[in-house]
Amino acid sequence: MLFQYEPELDAFLEFLIWRFSIWVDKPTPGNALMDLRYRDERAMESRGKVRTGLEGPGLTIALKIWYCIATVGGQYTWARIQSFSAFRRWGDSEQRPLARRAWILIQRVEGLYKAASFGNLLIFLYTGRFRNLIERVLQARLVYGSPNMNRAVSFEYMNRQLVWNEFSEMLLLLLPLLNSSSVKKFLSPFSKDKSSSSKVDDDTCPICQAIPTIPFLSLPCQHRYCYYCLRTRCAAAPSFRCPRCGEPVVAMQRHGSLASNTNPNQ
């Protein structure tokens, strides 16, 4: 249901931001962090040259309303047109000519808007005025709100995020390189209950941790395994090592049998 009404939710949030910031002559939360406010550039042209970039009145009521219509209403209307045309499949060749022409018109309008936005971006990078088309059409320019501003940005959260990202990347790099059997062998001398666990370990398969079915011995370490567990591990990894002692398994023999040894990789 949220996905179905996503354009309405986005428009409602944009309207709330506009209502409690631009409508009451306050900057948006992002602009407030950068000490920016909107200024009516048309009123500045009538005044002539100014001493600093801080003078000038804010947006008029008409500009505020047009800003809301363009940002909130325009984005919502365009999102609904795109979703409706895609749902009705106006772009399919089997559709009626009118629907097909409407789809082509929508694609051309979108292409022209993107081209104009790109051109406005190049002009903005050169002049530093009007970061998008709506601001350029309305002549609403972002200027500094005060000449001096104390930075109130805390880098504590950013530092924690950077440390956590580096730590997670290190774990993702090192964990695949660790051998579980070697880690268990390294930690086995520090185990508290060695006597009780040794008997259980000898009676269970080191791979599935269950009583071995068709028990086989790994050579030369003589540890008991399930035949299926030992055979599949040796077939998957020719250099398979015993998880219990770390010795390489070179052959396997049935438990309690005097038969000859067999190569587990055959």
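Hi everyone. A helix, in the sense I'll use today, is a DSSP run of H or I that is at least four residues long. One such run in this predicted model is α7, covering residues 156-174, and Leu-171 sits in it.

Let's stay with that leucine for a moment. Is Leu-171 buried or exposed? Neither quite fits: its relative accessible area is 33%, and buried means under 20% while exposed means over 50%, so Leu-171 counts as partly exposed. Leu-171 also has company. Together with Trp-164, Phe-167, Met-170, Leu-173, Leu-174 and Leu-175, Leu-171 makes up a nonpolar patch on the surface, and the accessible area of the group is about 700 Å².

Now please look at another helix, α10, which spans residues 227-236. Which of its residues are buried? They are Cys-229, Leu-230 and Cys-234. Around the axis these three cover an arc of only 115 degrees, so they lie on the same side of α10. And what do the buried residues of α10 pack against? Their partners are the strands β3 (215-219), β4 (223-226) and β5 (251-254). Turn to the face pointing away from that buried side, and you'll find Tyr-228, Ala-235 and Ala-236, which are exposed.

Last stop: strand β1, residues 36-40. Here 4 of the 5 residues are buried, which means the rest of the structure largely encloses this strand. β1 pairs with strand β2, residues 140-144, in the antiparallel sense, over 5 bridges. If you'd like one pair to find on screen, try Tyr-38, whose bridge partner in β2 is Leu-142.

Thanks for listening!

How values were computed:
Residues are numbered from 1 along each chain as its sequence is written. This is a predicted model: local features need pLDDT of at least 70, side-chain atom pairs count only at pLDDT 80 or more; totals for chains, interfaces and linings use all residues. Side-chain values use heavy atoms; hydrogens and water are left out. Patches are made of residues with over 30% relative accessible area and no salt bridge: like charges are joined within 9 Å, nonpolar side chains (Val, Leu, Ile, Met, Phe, Trp, Tyr) within 5 Å. Accessible areas come from the Shrake-Rupley method with a 1.4 Å probe; for residues, only the protein chains shown count as cover. A salt bridge is a side-chain nitrogen of Lys or Arg within 4 Å of a carboxyl oxygen of Asp or Glu. Helices (H or I, at least four residues) and strands (E, at least two) are DSSP runs, numbered from the N terminus. Buried means under 20% relative accessible area, exposed over 50%, partly exposed in between (1.4 Å probe, protein chains only). The arc is that of the directions from the helix axis to the C-beta atoms. Contact means heavy atoms within 4.5 Å. Two strands pair if DSSP finds at least two bridges between them.
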